[in-house]
Amino acid sequence: MSDDVLSIGYGERDGSTVVELRGRLDSETSPRFQNEVVGRCAGKDVILDMAGLKYISSAGLRAILVLRKSGSKVRVENATGLVKEVLEISDFDTLMG
Amino acid sequence: MFIPYLEPDDITFEILWILFYLIQMAFTGFLMGRVLERRYPVPIAIGGWVVIVGVPLIPAILTMSGVFGDLDYNLFDGSALVSINMLFMPLTIAVAAFTLYKGEVRSRLTVSLIDYVAVIVGSSMISLGVVELIDSYFAGNTYVDLMMCAVAFGAITVLLMENRMNDELRRFVRESRGYAGSYMTATVFMAICITGCLMLWLFEQGSGSGLTSVICIMTAATFVVMIRVMFIGISGVISYARKDAELETARSLQQSIIPDGRSMDWMKGVSIRSVMEPAREIAGDFCDFFPITDRRVGIVVADVSGKGIPAALYMMRCKSTIKDRMMSGAALEDAVTSANSSLSEDNPTCMFVTAFIGSLDLDTGELEYVNAGHVPPFVRLSGDITRLDGGRGPMMGFMDHRYTSSKTTLSDGDVILAYTDGVNEADHGGCFYGEDRIPGMISDDNDAGAIVDSLHSDVRMFMEGSEATDDVTIVAAVFRKTESKVFEARRELCPDAVSWVSERFDPVLSMKAELVTEELFLNIADNAYPNGDGDVRITVARSGGNISISFIDSGVMFDPTAVSNRNDGVPLDEREPGGEGIHLVSVMADSMSYERRGDRNMLTVSFKTEKEEDRDVR
């Protein structure tokens, strides 16, 4: 199990907040994602850059849903590998731009 | 042959008579069947016989007394009556047989009945031939004709029937006399009626020669014997059929309680297959497999002395006693010693049982075993085929003994092949199957089912044409090295479980394995134990081109494979949280199976390790 932790970086692009995710978004790390990202970006347009994300589970998907429910417009970018597969299986690929 | 006795100018009348007899005989047969089946009490049946035998006499008597004027059909002089009676006797028997066995035709019984009917028909044909022959000498003397016919028919029937009865049927006929006794009244009554009928006819003939009288008495005696034999035979067949049906039930009951190994597939770590083929309907052999704990399997292969019902009864006792003691948590030696003491008590008939009893630890591959006078199993240990020679003790059931066990350690792919002496002592014309061919069966096969099949079919081929003299039991167990760990079902331990599983997968599949583990572990942690703490055992097993992860918990019943994806097609904003995980697992895994066994949920998720799968990217 590599990159045990989730690291979250922030940026700006075209008026949207870019959230760079690295590592794992799972049951361990999604509470932190929820607290931090939802607290910070609620209501804003958010681009989730998943280029560095290796792993996502349903807990991570739930966190993204919570973010949307907070009023944010969420777009997902650069998902690869297992992360892309998970998003597709759960129809989250509609968020991919 | 009876046609010459009929005046050919009134064909309608003849046909009516024949129809009348057909109906009478069919009814007789039906009643015979019902009585033998005990659907009617004997007094009512006797009344029935009186009607059946009496009614046909009425038109004959009426005709003879001139009620129909001077009609002088030979048909009514009694000779035709008797000859038709005899000719239609096969019909009576056939209908009786049909009434009896309709709906429960059993193969062996069918053979006996076909024999039966063949004998009757055959003897009729032969007796007709004999009579035709004699007829040419006595030029139409119906009286002699008929006597000869009756004697020939009766004698041939009795002889052929006795000859055709197989040993088993004969034994049952002998044993069922008491049983058949209640029908004897009816039998004797029928014999008396027919004899009376004959006498009536003889008086009508008015012939008083000595020869006639002798032949007459012979005929009557033959009828009595013939009918008696028929009845005893039929009673025997019925009794046989009953026992046959009971044995059939016993057989399927026995087969259903003897596991074939599939029920242990959930254990992972060991693949067991077996076959138990009784020499007779039911066997004294048995095998048994059961989980002693989640990671320890009990394997028993045993052979009770003798065969058939006594052996089967003792076998049931042995099976439950041995399993019971092994499940008690005692050490194997103590369990076997205690089972032996129990089986030795209250055993006045001195039955005994030989048994190979093993306890296999699926985590370490350690096989502890005791051999109570049984033929030592073969094993393939890392490719070397030897025998499990240790753990010897006397056969169980007749004296107290302190058994000691032996141990050996299996590694991945090792095979145990145990059997009973029905295999090595399979007999074909005095030659035994022996043991030389057995090691070849496990030289390179890794599939327990294939090993059992190849040995079983080889033994069968060897015995081709010979009757099985002993029950044949074959058990093959293939050990699969698996890894297994018990976790407390708590959310905080999810990362531990995920990394434990991940370490056992190669990088290609490790991410999927992690996802599956996380989703299923959390599902169990959140839902399985609403009233407290519990465990989940995770097992990783490889076999063939598959790697699987099993989750076993003893929480509330939950079948993830039966959960539909409630978010399918639902827009993201309208989704309820949850339910996504199971859907992810079911799509990610190559297969997912669930079983509720006792109080346990067992969920297995497998992946193909072969490279052929390039999952379709939607």
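This report walks through some features of a predicted model with chains A and B.

## Chain B at a glance

Let's start with the bigger picture. Chain B holds 17 helices and 18 strands. Of its 618 residues, 40% are buried. Now take the contacts in chain B with a separation of 6 or more: 73% of them link residues 24 or more positions apart.

Here's one pair to look up yourself. Asp244(B) sits in helix 9 of chain B, which covers residues 210-257. Asp244(B) counts as buried because it has 21 C-beta neighbours inside 10 Å, and the cut-off for that label is 20 or more. Its C-alpha atom and that of Glu281(B) are 8.6 Å apart, with the two positions 37 residues apart along the chain.

## A strand wrapped up inside chain B

Next stop: strand 13 of chain B, residues 472-479. Eight of its eight residues are buried, so this strand is largely enclosed by the rest of the structure. In a regular strand, side chains alternate between the two faces of the sheet. You can follow that pattern here: Val472(B), Ile474(B), Ala476(B) and Val478(B) point one way, while Thr473(B), Val475(B), Ala477(B) and Phe479(B) point the other, and all are buried.

Which strands pair with strand 13 of chain B? One is strand 1 of chain B (residues 270-277), joined to strand 13 in the antiparallel sense over eight bridges. Within that pairing, look for Ser271(B), whose bridge partner in strand 13 is Val478(B). Another is strand 10 of chain B (residues 415-419), also antiparallel, with five bridges. There, Tyr419(B) has Ile474(B) as its bridge partner in strand 13.

## Two helices packed together

Helix 10 of chain B runs over residues 308-327, which makes 20 residues. From first C-alpha to last, helix 10 reaches 28 Å, close to the 28 Å expected at 1.5 Å a residue. Just after this helix comes Gly329(B), with a positive phi near 95°. The buried residues of helix 10 include Ala311(B), Ala312(B), Tyr314(B), Met315(B) and Lys319(B).

Helix 10 packs against helix 11 of chain B (residues 332-344) at an angle of about 145°, and their axes are 8 Å apart. The crossing is right-handed. From helix 10, Arg317(B), Cys318(B), Thr321(B), Ile322(B), Arg325(B) and Met326(B) meet Ala335(B), Ser338(B), Ala339(B), Ser342(B) and Leu343(B) in helix 11. Sorted by class, this contact has six nonpolar, three polar and two charged residues. If you wonder about the spacing on a helix, an α-helix has 3.6 residues a turn, so residues three or four places apart point the same way.

## Where the chains meet

How many residues of chain B are in contact with chain A? There are 22, and they touch 18 residues of chain A. On the chain B side, the elements giving two or more residues are helix 15 (494-502), helix 16 (507-527) and helix 17 (580-588). Helix 16 gives the most, with seven residues. By class, this side of chain B divides into ten nonpolar, four polar and eight charged residues.

Helix 17 of chain B deserves a second look. Is this helix mostly covered or mostly uncovered? Mostly covered: seven of its nine residues are buried. Among them are Ile582(B), His583(B), Leu584(B) and Met588(B). The cover comes from both chains, including helix 2 (58-69) and helix 3 (81-89) of chain A, along with helix 16, strand 17 and strand 18 of chain B.

## Two open sheets

One open sheet in chain B has five strands in the order 14-15-16-18-17, with antiparallel pairing. Its edge strands, strand 14 (482-488) and strand 17 (591-597), each pair on one side only. On average, neighbouring strands in this sheet are turned by 15° against each other, direction ignored. Strand 17 pairs with strand 18 (residues 600-608) over seven bridges; among the partners, Glu595(B) goes with Met602(B) in strand 18.

Chain A has an open sheet of four strands, ordered 1-2-3-4, and its pairing is mixed. Strand 1 (6-13) and strand 4 (73-77) stand at the edges with a single partner strand each, so one side of each has no neighbour in the sheet. Here the average turn between neighbouring strands is 25°, direction ignored. Strand 3 (residues 45-56) runs parallel to strand 4, joined by five bridges, and Ile47(A) stands opposite Arg75(A) in strand 4.

Technical notes: Residues are numbered from 1 along each chain as its sequence is written. Chains are lettered from A and ligands numbered from 1 in the order in which they are written. This is a predicted model: local features need pLDDT of at least 70, side-chain atom pairs count only at pLDDT 80 or more; totals for chains, interfaces and linings use all residues. The expected span of a helix is 1.5 Å times one less than its number of residues. A residue is buried if 20 or more other C-beta atoms lie within 10 Å of its own, exposed if 12 or fewer, and partly exposed in between; C-beta atoms are placed from the backbone. Two residues are in contact if their C-beta atoms, placed from the backbone, lie within 7 Å. Ala, Val, Leu, Ile, Met, Phe, Trp, Tyr, Cys and Pro count as nonpolar, Asp, Glu, Lys and Arg as charged, and the others, Gly among them, as polar. Two strands pair if DSSP finds at least two bridges between them. Axes are lines fitted to C-alpha atoms, for helices over the stretch in contact, and angles run from 0 to 180 degrees between N-to-C directions. A crossing is left-handed if the near helix is turned anticlockwise from the far one by less than a right angle, and right-handed if clockwise.
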